[in-house]
Amino acid sequence: MGSSLTGYQVFVLGAVDDVGRVVAVALAEAGATISVTSATDNPAEEFVANSILNEAWSMGRAGAFFASDAGHREELRSAIELKADTLLIAMQSVREKSWALQLAQDAGRPLIAVDGDGADFRLWVGSNETMVTATTATLAEAVVALAGTKD
């Protein structure tokens with residue numbers, strides 16, 4: 001993948017499963033600095049998130065981990081609001097998509113929401129829904145393409 005996202009900070013909300021890993025790594029490969037969040041304050045999810053970040057760091061990309069459970073949301077909100085070129089991606093493990101949408105709106109940032117499993121995924125940018133029948137790898141390509149056209 002190209003470097004179309006160089007200079008952008010991408011928060012991948014709920015990147016704690018195989019699909020989240022593939023999407024987060026694809027964003028790093030495209031040049032983005034990634035931050036990943038868990039859906040809860042669970043040590044196993046933090047381990048997965050740090051594993052994803054290790055892959056990004058091996059590509060020379062910076063990154064950070066945030067827990068996005070209710071007890072840590074203000075810390076996450078502050079980090080997002082400090083970044084000028086920021087994009088939020090909510091993976092299917094984010095059970096409270098309305099919270100992610102509100103977070104994006106409050107920060108004046110775009111949100112790409114991913115939902116589904118197997119071969120059928122739905123992507124939303126704002127209120128526009130796109131159905132993608134794809135492997136996980138081609139889903140990652142679609143997310144990177146949407147992220148690159150967010151302006």
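How many bridges join S1 to S2, and do these strands run parallel or antiparallel? The legends below take up this pairing after an overview of the chain.

**Figure 1. Overview of the predicted model.** The structure shown is a predicted model. The chain contains five helices and seven strands, and from the N terminus on its elements follow the order β-α-β-α-β-α-β-α-β-β-β-α. Of its 151 residues, 46% are buried. Among contacts with a separation of 6 or more, 61% link residues 24 or more positions apart. The accessible surface amounts to about 6,900 Å², and carbon and sulfur atoms account for 50% of this area.

**Figure 2. Confidence along the chain.** The mean pLDDT of the chain is 76, with 73% of the residues scoring at least 70. Helix H2 has the highest confidence, at a mean of 89, whereas strand S7 (residues 128-133) has the lowest, at 67.

**Figure 3. Pairing of strands S1, S2 and S3.** Strands S1 and S2 run parallel and are joined by four bridges. Within this pair, Gln9 stands opposite Thr33 of S2. Between the two strands the chain passes through H1, forming a right-handed β-α-β crossover. Strand S2 also runs parallel to strand S3 (residues 63-67), to which five bridges join it. Here Ser38 has Ala67 of S3 as its bridge partner. Because five of the six residues of S2 are buried, this strand is largely enclosed by the rest of the structure.

**Figure 4. The largest nonpolar core.** In soluble globular proteins, nonpolar side chains tend to be buried together. The largest nonpolar core of this model has 32 residues, of which Leu27, Ile34, Val36 and Ile89 touch the most other members. At least two residues of this core come from each of the strands S1 (9-13), S2 (33-38), S4 (86-90), S5 (111-117) and S6 (120-125), and likewise from each of the helices H1 (18-29), H2 (43-58) and H5 (136-148). Helix H1 provides the largest share, with seven residues.

**Figure 5. Surroundings of Ile89, and a second core.** Which residues does Ile89 touch, leaving aside those up to four places away in sequence? Its contacts are Val10, Phe11, Val12, Leu13, Leu27, Leu111, Ile112, Val114 and Val143. Apart from the largest nonpolar core lies another core, of 14 residues, including Leu76, Ile80, Leu103 and Ala107.

Note on methods. Residues numbered from 1 in each chain as written. Predicted model: local features only at pLDDT ≥ 70, side-chain atom pairs only at ≥ 80, totals over all residues. Heavy atoms only, no water. Core = buried A, V, L, I, M, F, W, Y, C linked by side-chain atoms within 4.5 Å. Buried < 20%, exposed > 50% of the residue type's maximum accessible area, 1.4 Å probe, protein only. Contact = heavy atoms within 4.5 Å. Pairing = 2+ DSSP bridges. Right-handed = clockwise from strand over helix to strand, strands pointing away. pLDDT = per-residue confidence, 0-100. Areas by Shrake-Rupley, 256 points an atom, 1.4 Å probe, with all protein chains shown as cover.
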